[in-house]
Amino acid sequence: MKLKPLKTKKDYEALLDWVDQLFDKKVKADSPEGEQLQIALLLINQYEDKHFPVPIPDPIKAILEAIHRLSRPP
């Protein structure tokens, strides 16, 4: 597969499918395919960071939730 920046969801899904195929083949990291796989994973990560951001939780709310969970009776 020719690697290029991911601009659409279709590009993203096609690259995910290709990566799955390489994982199934269990390519070695130091092989040419393995190096392409590493680049593909970087492209996927960049796309996901932009299009599926994970919000940072409010630290106070997270602490209060943890305290609440720990203080509940079993």
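Q: How do you know that the predictor is confident in the protein chain of this predicted model?
A: The protein chain of this predicted model averages a pLDDT of 93, and 99% of the residues score at least 70. These values stand on a scale of confidence that runs from 0 to 100.

Q: Where in the protein chain is confidence lowest, and where is it highest?
A: Helix H3, residues 59–71, has the lowest confidence, with a mean of 92. Helix H1, residues 9–25, has the highest, at 96.

Q: Why is the pair Lys25 and Glu33 called a salt bridge?
A: The closest N and O atoms of Lys25 and Glu33 are 2.9 Å apart. The cut-off is 4 Å between a side-chain nitrogen of Lys or Arg and a carboxyl oxygen of Asp or Glu, so the pair qualifies. A search of the whole structure finds 4 salt bridges.

Q: What makes Lys25 count as exposed?
A: Lys25 has a relative accessibility of 52%. Exposed requires over 50%, and therefore Lys25 counts as exposed.

Q: Why does Glu33 count as partly exposed?
A: The relative accessibility of Glu33 is 32%. Buried would require under 20% and exposed over 50%, so Glu33 falls in between.

Q: What makes Glu65, Arg69 and Arg72 a network?
A: Glu65 forms a salt bridge with Arg69, with the closest N and O atoms 3.7 Å apart. Glu65 also meets Arg72 in a salt bridge, at 3.9 Å from N to O. Both distances are within 4 Å, so both pairs satisfy the cut-off. Salt bridges thus link Glu65, Arg69 and Arg72 in a network.

Q: How are Glu65 and Arg69 placed in helix H3?
A: Glu65 and Arg69 are 4 residues apart in helix H3, which means that about one helical turn separates them.

Q: Why are Glu65 and Arg72 called partly exposed?
A: Glu65 has a relative accessible area of 38%, and Arg72 has a relative accessibility of 44%. Partly exposed lies between 20% and 50%, so both residues belong there.

Q: Which residues form the largest nonpolar core?
A: This core has 11 residues, among them Leu6, Tyr12, Trp18, Leu37 and Tyr47. H1 and helix H2 (32–51) each supply at least two residues of the core. In soluble globular proteins, nonpolar side chains tend to be buried together.

Q: Which residues does Leu15 touch?
A: Leaving aside residues up to four places away in sequence, Leu15 touches Met1, Leu3, Leu6, Ala40, Leu43 and Ile44.

Technical notes: Residues numbered from 1 in each chain as written. Predicted model: local features only at pLDDT ≥ 70, side-chain atom pairs only at ≥ 80, totals over all residues. Heavy atoms only, no water. Buried < 20%, exposed > 50% of the residue type's maximum accessible area, 1.4 Å probe, protein only. Core = buried A, V, L, I, M, F, W, Y, C linked by side-chain atoms within 4.5 Å. Contact = heavy atoms within 4.5 Å.
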